[in-house]
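I opened this entry to keep track of what I looked up, beginning with helix packing and going on to the ligand and the chain as a whole.

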Amino acid sequence: MDVGTVVLTGAATGIGRRAAVALARAGQHVVVVTRSDARAAGVLGEATAAGRFGARVTSVPADLADLGQVRRAIDEIAELGPVRAVINNAAILAIARRRPRRTVDGIEEVFAVNHVAPFVLTTGLRPHFAAHPRVVTAGSKGLAALPWLRLDPDDVDSSRRWSPVRAYYRSKIAQLAFTAELIRRGVAAAALRIPSVRLDDERVATYPPLLRLGYRPKLRLAADPRAVAARYAALVTDESPTTGHVDERGRPLRWPNRTDDPELGGWLWDRTAQMAGQR
Ligand SMILES: NC(=O)c1ccc[n+]([C@@H]2O[C@H](COP(=O)([O-])OP(=O)(O)OC[C@H]3O[C@@H](n4cnc5c(N)ncnc54)[C@H](OP(=O)(O)O)[C@@H]3O)[C@@H](O)[C@H]2O)c1
């Protein structure tokens with residue numbers, strides 16, 4: 001019997017790559033969504049080698065900064081069978097960027113990749129969901145330092161007075177509000193509050209020299225990406241589903257920054273659909 005696929009974005013590096021391995025070890029059919037086939041090569045090899053109990057690993061390329069590519073990926077994923085889970089793990093922080101950059105769809109890129117693309121992917125896959133599907137999104141513990149931060153209805157993608165940090169955390173607020181809204185709409189969804197996690201060397205190498213230097217002491221204190229990856233895997237494979245905002249041990253947490261406000265969730269759903277050209 002086809003038990004369905006687990007769709008995982010951002011699987012080329014970091015937590016996503018370890019999650020692909022953990023899911024393959026648990027016998028899942030993992031669909032890794034990465035920017036390109038070349039970006040998928042490493043994780044495909046590693047997860048396939050680790051696979052057990054008839055696991056399969058399939059690559060579907062899509063640059064999440066291009067909604068046309070996301071929609072093509074939805075069609076390809078649907079061909080692979082019913083979707084049992086979606087893990088929206090991919091994100092960008094764009095820490096060295098000075099000015100906002102717009103995607104081909106005209107959306108500020110951090111918001112587009114971190115929130116609009118997961119929205120389009122998840123809602124687009126919904127008609128192809130298996131029975132009892134799960135959705136997981138990546139929250140951030142760093143939000144605790146910004147309890148006052150909110151989305152701006154007049155500048156939803158934060159392109160005015162842009163800063164990489166504000167754009168990133170607002171996109172995380174949007175992801176959390178989307179997850180809470182999915183739950184209200186009957187989907188077993190969880191937002192994982194991710195603590196500071198060690199980045200892969202290839203990611204740190206993209207930082208400017210000063211930032212790289214500042215990041216070094218942080219690296220030593222940061223968590224092992226495999227621990228967070230194991231929680232992603234548990235959230236989609238545990239017999240009874242966990243919903244809500246949870247920490248890396250799966251313990252329930254309050255939603256930060258009023259992200260469980262139903263008014264915000266409903267408004268953001270419509271606004272995101274409009275930005276994505278779905279309304
Ligand atoms: N590390 C931390 O301390 C931390 C803390 C809080 C939350 N998080 C969250 O945890 C999640 C995983 O992060 P990580 O630590 O594993 O960082 P990472 O190694 O940078 O992983 C991010 C992944 O997203 C992919 N991605 C970015 N832009 C993309 C695009 N346009 N199209 C397709 N894929 C794209 C990247 O692909 P490429 O490699 O091709 O760029 C990469 O594989 C993210 O949601 C992040 O916000 C991390």
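**Entry 1: the first helix pair.** I began with helix H1 (residues 14-25) and helix H2 (residues 37-50), whose axes come within 7 Å and cross at roughly 25°. I kept in mind while reading these values that the model is predicted. Angles under 35 degrees count as roughly parallel, and H1 and H2 are therefore roughly parallel to each other. I also looked up the hand of the crossing and noted that H1 passes H2 in a right-handed one.

I then asked which residues of H1 and H2 meet. On the H1 side I listed Arg-17, Ala-20, Val-21, Ala-24 and Arg-25, and on the H2 side Val-43, Glu-46, Ala-47, Thr-48 and Ala-50. Sorted by class, the contact of H1 with H2 has 6 nonpolar residues, 1 polar residue and 3 charged residues.

**Entry 2: the ligand shell.** I turned next to the surroundings of the ligand, where I found 27 residues, and I noted that Gly-10, Gly-14, Ala-90, Ala-91 and Ala-138 come nearest. Which elements each supply at least two residues of this shell? I wrote down H1 and strand S5 (129-140), and H1 gives the most, with 3 residues. By class, the residues of the shell divide into 13 nonpolar, 9 polar and 5 charged.

**Entry 3: a second helix pair.** I went on to helix H5 (residues 164-184) and helix H9 (residues 262-275), which pack at an angle of about 100°, with their axes 9 Å apart. That angle makes H5 roughly perpendicular to H9, as the range for this label is 65 to 115 degrees.

For the contact itself I recorded Ala-174, Ala-177, Phe-178, Ala-180, Glu-181 and Arg-184 from H5, together with Pro-262, Leu-264, Gly-265, Gly-266, Leu-268 and Trp-269 from H9. When I divided the residues of the contact of H5 with H9 by class, I had 8 nonpolar, 2 polar and 2 charged.

**Entry 4: the whole chain.** Last, I looked up the overall make-up and noted that the chain has 9 helices and 8 strands. Its radius of gyration is 17 Å, close to the 19 Å that the globule rule gives for 279 residues, so I entered the chain as being as compact as a globular protein of that length. Taken along the principal axes, the C-alpha atoms of the chain fill a box of roughly 50 × 45 × 35 Å.

Terms used. Residues are numbered from 1 along each chain as its sequence is written. This is a predicted model: local features need pLDDT of at least 70, side-chain atom pairs count only at pLDDT 80 or more; totals for chains, interfaces and linings use all residues. Axes are lines fitted to C-alpha atoms, for helices over the stretch in contact, and angles run from 0 to 180 degrees between N-to-C directions. Helices (H or I, at least four residues) and strands (E, at least two) are DSSP runs, numbered from the N terminus. Angles under 35 degrees count as roughly parallel, over 145 as roughly antiparallel, 65 to 115 as roughly perpendicular and the rest as oblique. A crossing is left-handed if the near helix is turned anticlockwise from the far one by less than a right angle, and right-handed if clockwise. Two residues are in contact if their C-beta atoms, placed from the backbone, lie within 7 Å. Ala, Val, Leu, Ile, Met, Phe, Trp, Tyr, Cys and Pro count as nonpolar, Asp, Glu, Lys and Arg as charged, and the others, Gly among them, as polar. A residue is near a molecule or strand if its C-beta atom, placed from the backbone, lies within 6 Å of it. The radius of gyration is taken over C-alpha atoms; the globule rule is 2.2 Å times the number of residues to the power 0.38.
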